[in-house]
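Here is a brief report on one structure. Look over the sequence and the 3D view first, then read on.

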Amino acid sequence: MIAAVGLLIGVLLGLVLQPEVPIWLEPYLPIAVVAALDAVFGALRAFLDGIFDDKVFVVSFVSNVLIAAVIVYLGDKLGVGGQLSTGVIVVLGIRIFSNVAAIRRHIFHA
Amino acid sequence: MAAEHDTPGRSTDGAPAAAQTPAPAQSQEQPPEQPPEQPPAQPPVLAHGHAGPRKPSRPMPEPPPAAVMGLLNYLTATSLDEDYAHVSKQRAAAGVRPKKSPGTVGLVVLAVFGVLVATAAVQTSRNADESASSRASLVKQVNDRKAELRAKRARAAGLTAEVAALEDSNLDATTQGRAVRSRLDRLGVIGGGVPVKGPGIRVVVDDAPGATQDKQQVLDQDLQKLVNSLWLVGAEAISINGQRVTNLTAIREGGSAITVNFVSMRRPYTVSAIGNKNQMAAKLLDTEGGRTWLTLRASFGLKFDVTSEDSMTLPAARPFSLRYARQPERLR
């Protein structure tokens with residue numbers, strides 16, 4: 001419940017404030033969102049597994065976002081930014097899919 | 001000896017050593033004289049401590065799962081952060097009841113996540129708007145400039161016509177003017193500055209059908225010979241595919257096409273020459289260029305058709321200005 005409220009507050013804040021993203025941060029925002037999505041789905045699965053932990057969630061969220069952004073930044077500096085972003089997206093996508101599958105098993109028992 | 005007693009007992013049980021009593025261990029284990037008979041799944045730590053003779057076929061220590069599973073399987077298997085399991089295990093060991101729902105920190109983090117998602121979405125849609133609007137403005141600019149160009153061209157054409165009309169009326173006003181004007185007209189016909197009309201012959205030349213070699217194709221030198229021969233038999237104005245041949249015209253091979261007045265020609269080549277339409281054709285076949293072309297037609301199958309025309313109109317050459325050539329003294 002509290003999670004949904006938090007999410008709602010965040011989305012509303014973002015839509016109302018429409019913060020200006022600095023131009024140098026712009027390439028890293030989408031990948032950071034995907035990394036955050038992975039952390040959130042992981043947390044949801046852990047919650048349904050009954051092993052959720054605040055601290056682990058926060059740490060995994062922040063580290064996911066930062067690492068994803070840093071990897072893309074590094075790739076940009078090395079000239080392989082596009083390929084590295086693809087790699088990050090693939091890995092995070094697989095994790096999100098399998099986490100969502102586990103969540104689905106929890107909810108629908110199927 | 002004591003180590004050897006312990007070792008097989010542990011590996012068969014898989015339980016901590018502290019939990020087992022010496023007596024069942026003694027009963028289960030094989031005689032101590034045969035240490036090589038130990039089960040293969042022995043923990044590596046114990047293998048190091050073991051002092052007995054080593055079998056050459058002893059299995060390597062089990063590699064970590066990440067090394068054997070393959071990347072995709074590993075990713076799928078560890079899609080949940082292991083920290084959750086780790087922390088919950090620790091907590092169970094410490095006897096603390098696990099929290100059931102995310103607290104304030106979780107709320108804040110989820111709010112941050114929401115802001116991130118909303119910002120990314122807003123940014124993406126904003127960028128799409130920007131690129132769409134910039135494209136629209138570019139299209140508008142192009143169209144505006146095109147309209148401007150059209151208007152200016154129309155104005156230029158109008159002004160040219162006006163200048164010509166004024167020239168005409170000025171020259172017609174006096175006798176001297178009329179003389180200058182007829183001279184101008186004659187020079188224009190000769191120099192290619194004005195269109196000309198009159199009888200003449202039309203020569204159509206083309207590559208041989210299905211030409212593969214150079215000899216079966218019309219080359220720039222073939223056209224040059226033809227044009228020279230036409231001048232020779234009394235042509236007064238010549239054009240090739242609508243390009244007037246003047247004293248500044250070059251006929252040459254430019255890349256894979258023949259260019260006349262630096263304009264690329266396409267096959268077939270129609271050479272129109274104004275002159276005596278009854279004599280020129282016959283005379284042409286008598287010249288060296290004409291004979292060359294007859295040979296080309298007979299030997300290589302090139303097309304070479306000469307027809308007489310009662311009236312042809314050849315276009316004017318593109319206007320050009322002389323920047324360096326001057327008369328030695330003014331003409332009176």
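## Strands, a helix and an interface

In this predicted model, strand E4 (residues 251-254) of chain B is joined to E5(B) by four bridges, and the two run antiparallel. Within that pairing, Ile251(B) has Val260(B) of E5(B) as its bridge partner. E5(B) also pairs with strand E6 (residues 263-264) of chain B, again in the antiparallel sense, over two bridges. Here Val260(B) stands opposite Val263(B) in E6(B).

Both pairings are hairpins. The table sets out their turns.

| Hairpin | Residues between strands | Turn residue | Phi |
|---|---|---|---|
| E4(B) and E5(B) | two residues | Gly255(B) | positive, about 70° |
| E5(B) and E6(B) | two residues | Asn261(B) | positive, about 55° |

Which side chains of strand E5 (residues 257-260) of chain B are buried? Ile258(B) and Val260(B) are, and they point to one face. Ala257(B) and Thr259(B) point to the other face and are not buried. The side chains thus alternate along the strand.

Next comes the helix H7 of chain B. It covers residues 104-173, 70 residues in total. At 1.5 Å a residue, H7(B) should span 104 Å. Its end C-alpha atoms are 101 Å apart, which agrees with that expectation.

The buried residues of H7(B) include Gly106(B), Val109(B), Leu110(B), Phe113(B) and Leu116(B). Ala118(B), Thr119(B) and Ala120(B) are also among them. What do these buried residues pack against? Their partners are in chain A: helix H1 (2-17), helix H2 (29-49) and helix H3 (54-78).

Now the interface as a whole. In chain B, 33 residues are in contact with 39 residues of chain A. Helix H5 (71-77), helix H6 (82-94) and H7 of chain B each give two or more residues to the side that touches chain A. H7(B) supplies the largest share, 17 residues. By type, the residues on this side of chain B are 21 nonpolar, nine polar and three charged.

Last, one loop residue of chain A. Leu25(A) sits in the loop between H1 and H2 of chain A. Is Leu25(A) buried or exposed? Leu25(A) is exposed, because just 12 other C-beta atoms lie within 10 Å, and a residue counts as exposed at 12 or fewer. Leu25(A) and Ala69(A) are 44 residues apart in sequence. In space, their C-alpha atoms are 9.1 Å apart.

Definitions and conventions. Residues numbered from 1 in each chain as written. Chains lettered and ligands numbered in written order. Predicted model: local features only at pLDDT ≥ 70, side-chain atom pairs only at ≥ 80, totals over all residues. Expected span 1.5 Å × (residues − 1). Buried ≥ 20, exposed ≤ 12 C-beta atoms within 10 Å, placed from the backbone. Contact = placed C-beta atoms within 7 Å. Pairing = 2+ DSSP bridges. Nonpolar A, V, L, I, M, F, W, Y, C, P; charged D, E, K, R; others polar.
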